[in-house]
Amino acid sequence: MKTPGNATISPDVRKRIEEKLDDIERENSVRILLAVESGSRAWGFPSPDSDYDVRFLYARPRDWYLSIDVRRDVIECPIEDMLDINGWDIRKALGLLLKANPVLSEWLRSPVRYREDRACTQRLRALADRIAFARPAHFHYLHLGRSAYDSKIGDHEAVATKKYFYAIRPALALRWLRIRPDPPPMDLPGLRAGLQLERELDEAIERLVVAKAEAAELGTGPRIGEIDRFIEGEFALAGAASVPSGAGDPDLLEDANRVFCEIVDEGP
């Protein structure tokens, strides 16, 4: 199967991103633990003019956390030169990880990495592997996909062709959750390969991927019946499904606190 939509980052762009991450560390007195691509370039269906959606996790010096006042736990940079960069404090990230946050789970599995503290991410993934992910992921992808489909595709005779992708990826993730026990990959090529889609459906998706990779703007086009039937079918099945919450791990919070202290203590 061809994968022309696979994310590729040029050396020049990667250098600009690395320099920006260095600036963020210096200006905010933080240590970046993980920086990844989280958008169409990581999902496997970029356009030539797609932004670079860089997401990162960071830690501050230990004394910063020893305060009774509420402090900002995100760093957001203005979008500049196609670079959309923002990040979460590690304490915020761990809190969301304990809630099986699907967005953070995707960051940890992104195929495009700009920076990584491997010891840190290994700890985070070990925690993530113990969390019951199916129920929150189910509702996340169903809401994400339905919102995109209903607002951009549902009742329209002609649609902005690229908008199909924002319903296709959640629909594929929902099928994955329905038939497989492991978390779905974030990227379209990984989802397609792991699901062994029907030939007509896979070919229809492939044609869209190729077109989007070659053009900045696809414009509008007629509805694609094969893709419509797939998306509507998966959303209907997911909407009717009863997803168990899964058993909780009584030691998880204690272990997350330990990981937090270890990560912070490793800083300067």
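This short presentation concerns the salt bridges of a predicted model, and one arginine that has none.

Good morning, colleagues. Let me begin with the overall count. A search of the whole structure returns 30 salt bridges. I shall discuss three pairs, then a network, and finally the exception.

The opening pair is Arg115 with Asp22, whose closest N and O atoms are 2.9 Å apart. Distant parts of the chain are linked here, since Arg115 belongs to strand 5, residues 113–116, and Asp22 to helix 1, residues 11–28, with the two positions 93 residues apart. Are these partners buried or exposed? Arg115 counts as buried because its relative accessibility is 17%, under the 20% limit. Asp22, in contrast, has a relative accessibility of 36% and therefore counts as partly exposed.

I turn next to Arg31 and Asp117. Their side chains form a salt bridge with an N to O distance of 3.8 Å. This pair, too, joins distant parts of the chain: Arg31 is in strand 1, residues 31–37, while Asp117 sits in the loop between strand 5 and helix 6 (118–128), and the two are 86 residues apart. Arg31 has a relative accessibility of 17%, so this residue is classed as buried. Asp117, with a relative accessible area of 23%, is partly exposed.

The third pair is Arg55 with Asp84, where the closest N and O atoms lie 3.4 Å apart. The salt bridge connects strand 2, residues 52–59, which holds Arg55, to strand 4, residues 83–89, which holds Asp84; the separation along the chain is 29 residues. In this pair both Arg55 and Asp84 are buried.

Salt bridges can also share partners. One such network is made up of Arg123, Arg130, Asp255, Arg258, Glu262 and Glu266.

I come now to the exception, Arg60, which is located in the loop between strand 2 and helix 3 (62–65). In general terms, side chains of opposite charge can pair when their charged atoms come close. Why, then, does Arg60 have no salt bridge? The nearest side chain of opposite charge, that of Asp89, is 4.5 Å away, and the pair is therefore not counted under a 4 Å cut-off. Arg60 is nevertheless buried.

What surrounds this arginine? A polar atom of the Arg60 side chain lies 2.9 Å from the backbone oxygen of Asn28. Beyond its neighbours within four places in sequence, Arg60 is in contact with Asn28, Ser29, Val30, Tyr65, Ile75, Asp89 and Val264.

Thank you for your attention.

Note on methods:
Residues are numbered from 1 along each chain as its sequence is written. This is a predicted model: local features need pLDDT of at least 70, side-chain atom pairs count only at pLDDT 80 or more; totals for chains, interfaces and linings use all residues. Side-chain values use heavy atoms; hydrogens and water are left out. Helices (H or I, at least four residues) and strands (E, at least two) are DSSP runs, numbered from the N terminus. Buried means under 20% relative accessible area, exposed over 50%, partly exposed in between (1.4 Å probe, protein chains only). Lys and Arg count as positive and Asp and Glu as negative; His and the chain ends are not counted. A polar contact is a pair of N or O atoms within 3.5 Å; within protein, one must be able to donate a hydrogen and the other to accept it, and residues adjacent in sequence count only if both atoms are side-chain atoms. Contact means heavy atoms within 4.5 Å.
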